[in-house]
Amino acid sequence: MSNDAKLVRMANQIATFFHSQPGEDGPMGVATHINKFWEPRMRRQFFDIVDNHGGAGLDPLVLEAAALVRRPPAEGSARQSPDA
(Lines give C-alpha, C1' and ligand atoms only; values in the text may rest on other atoms or scores of the structure.)
Protein backbone atom coordinates (compact mmCIF):
# COMPACT_ATOMS: atom_id res chain seq x y z
CA MET A 1 0.00 0.00 0.00
CA SER A 2 1.44 3.38 -0.99
CA ASN A 3 1.94 6.21 1.49
CA ASP A 4 -0.86 8.17 -0.18
CA ALA A 5 -3.22 5.20 0.11
CA LYS A 6 -2.38 4.82 3.81
CA LEU A 7 -2.98 8.50 4.47
CA VAL A 8 -6.30 8.42 2.58
CA ARG A 9 -7.36 5.36 4.57
CA MET A 10 -6.45 7.08 7.86
CA ALA A 11 -8.32 10.27 6.93
CA ASN A 12 -11.37 8.27 5.88
CA GLN A 13 -11.32 6.34 9.17
CA ILE A 14 -11.50 9.66 11.02
CA ALA A 15 -14.43 10.69 8.81
CA THR A 16 -16.20 7.36 9.45
CA PHE A 17 -16.08 8.06 13.18
CA PHE A 18 -17.55 11.55 12.75
CA HIS A 19 -20.27 10.27 10.38
CA SER A 20 -21.49 8.19 13.32
CA GLN A 21 -21.68 11.17 15.69
CA PRO A 22 -24.81 13.28 16.12
CA GLY A 23 -24.73 16.93 15.12
CA GLU A 24 -23.02 18.87 12.41
CA ASP A 25 -19.53 19.15 13.86
CA GLY A 26 -18.07 16.54 11.49
CA PRO A 27 -15.79 18.79 9.44
CA MET A 28 -14.48 20.56 12.54
CA GLY A 29 -13.98 17.23 14.31
CA VAL A 30 -12.02 15.78 11.40
CA ALA A 31 -9.89 18.92 11.08
CA THR A 32 -9.25 19.11 14.81
CA HIS A 33 -8.07 15.50 14.86
CA ILE A 34 -5.74 16.03 11.89
CA ASN A 35 -4.38 19.30 13.31
CA LYS A 36 -3.78 17.73 16.69
CA PHE A 37 -2.30 14.36 15.76
CA TRP A 38 -0.82 14.58 12.27
CA GLU A 39 2.72 15.88 11.97
CA PRO A 40 3.50 18.57 9.35
CA ARG A 41 4.90 15.98 6.91
CA MET A 42 1.57 14.12 6.94
CA ARG A 43 -0.41 17.33 6.48
CA ARG A 44 1.81 18.32 3.53
CA GLN A 45 1.06 14.94 1.95
CA PHE A 46 -2.65 15.45 2.72
CA PHE A 47 -2.66 18.82 0.96
CA ASP A 48 -0.77 17.34 -1.99
CA ILE A 49 -3.63 14.85 -2.39
CA VAL A 50 -6.25 17.58 -2.02
CA ASP A 51 -4.54 20.22 -4.18
CA ASN A 52 -2.85 18.15 -6.87
CA HIS A 53 -4.91 14.98 -7.10
CA GLY A 54 -8.44 16.32 -6.63
CA GLY A 55 -8.78 14.68 -3.23
CA ALA A 56 -8.78 11.26 -4.91
CA GLY A 57 -10.25 8.64 -2.60
CA LEU A 58 -11.02 11.02 0.27
CA ASP A 59 -14.42 10.92 1.94
CA PRO A 60 -16.48 14.07 1.21
CA LEU A 61 -16.37 14.91 4.93
CA VAL A 62 -12.55 14.93 4.80
CA LEU A 63 -12.65 17.21 1.77
CA GLU A 64 -15.01 19.56 3.60
CA ALA A 65 -12.67 19.55 6.61
CA ALA A 66 -9.63 20.40 4.46
CA ALA A 67 -10.48 24.11 4.64
CA LEU A 68 -10.12 23.90 8.44
CA VAL A 69 -6.85 21.95 8.52
CA ARG A 70 -3.75 24.03 9.24
CA ARG A 71 -1.52 24.10 6.20
CA PRO A 72 2.09 23.44 7.28
CA PRO A 73 4.95 25.49 5.90
CA ALA A 74 6.66 24.16 2.81
CA GLU A 75 9.21 21.46 3.50
CA GLY A 76 12.65 22.94 4.00
CA SER A 77 11.34 26.34 5.15
CA ALA A 78 13.96 28.19 7.14
CA ARG A 79 11.77 28.40 10.21
CA GLN A 80 8.76 26.33 11.16
CA SER A 81 6.35 27.33 13.88
CA PRO A 82 5.96 24.89 16.77
CA ASP A 83 2.28 24.23 15.98
CA ALA A 84 2.84 23.69 12.26
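Guide: A residue counts as buried under 20% relative accessible area, as exposed over 50%, and as partly exposed in between, using a 1.4 Å probe and protein chains only. This is a predicted model: local features need pLDDT of at least 70, side-chain atom pairs count only at pLDDT 80 or more, and totals for chains, interfaces and linings use all residues. Residues are numbered from 1 along each chain as its sequence is written, and side-chain values use heavy atoms, leaving out hydrogens and water.

Visitor: Which residues of α2 are buried, and what covers them?

Guide: G26, P27, G29, V30, A31, I34 and N35 are the buried ones. Their cover includes α1, α3 and α4. Helices here are DSSP runs of H or I with at least four residues, numbered from the N terminus.

Visitor: How do you know that the span of α2 agrees with what is expected?

Guide: The expected span is 1.5 Å times one less than the number of residues. For the 12 residues of α2 that gives 16 Å, and the end C-alpha atoms are 16 Å apart, so the two agree. Helix α3, residues 40-52, reaches 17 Å, close to the 18 Å expected for its 13 residues.

Visitor: What do the buried residues of α3 pack against?

Guide: They pack against α1, α2 and α4. Among the buried residues of α3 are M42, F46 and F47.

Visitor: Why is the pair of W38 and F46 called edge-to-face?

Guide: Rings of Phe, Tyr and Trp (its six-membered ring) pair if their centres lie within 6.5 Å; planes under 30 degrees apart are stacked, over 60 edge-to-face, and the rest tilted. The centres of W38 and F46 are 6.1 Å apart with 85 degrees between the planes, so both conditions are met.

Visitor: What makes W38, F46 and F47 a cluster?

Guide: Ring pairs link them. F46 and F47 have centres 5.2 Å apart and planes at 70 degrees, so this pair is edge-to-face as well. W38 has a relative accessible area of 5% and F46 of 0%, so both are buried.

Visitor: How do you know that D59 has no salt bridge?

Guide: A salt bridge needs a side-chain nitrogen of Lys or Arg within 4 Å of a carboxyl oxygen of Asp or Glu. The nearest side chain of opposite charge to buried D59 is R9, 14 Å away, so the cut-off is not met. Lys and Arg count as positive, Asp and Glu as negative; His and the chain ends are not counted.

Visitor: Which side chain does D59 join in a polar contact?

Guide: That of H19, at 3.0 Å. A polar contact is a pair of N or O atoms within 3.5 Å, one able to donate a hydrogen and the other to accept it within protein.

Note on methods. Helix = DSSP H or I, 4+ residues; strand = E, 2+ residues; numbered from the N terminus. Contact = heavy atoms within 4.5 Å.
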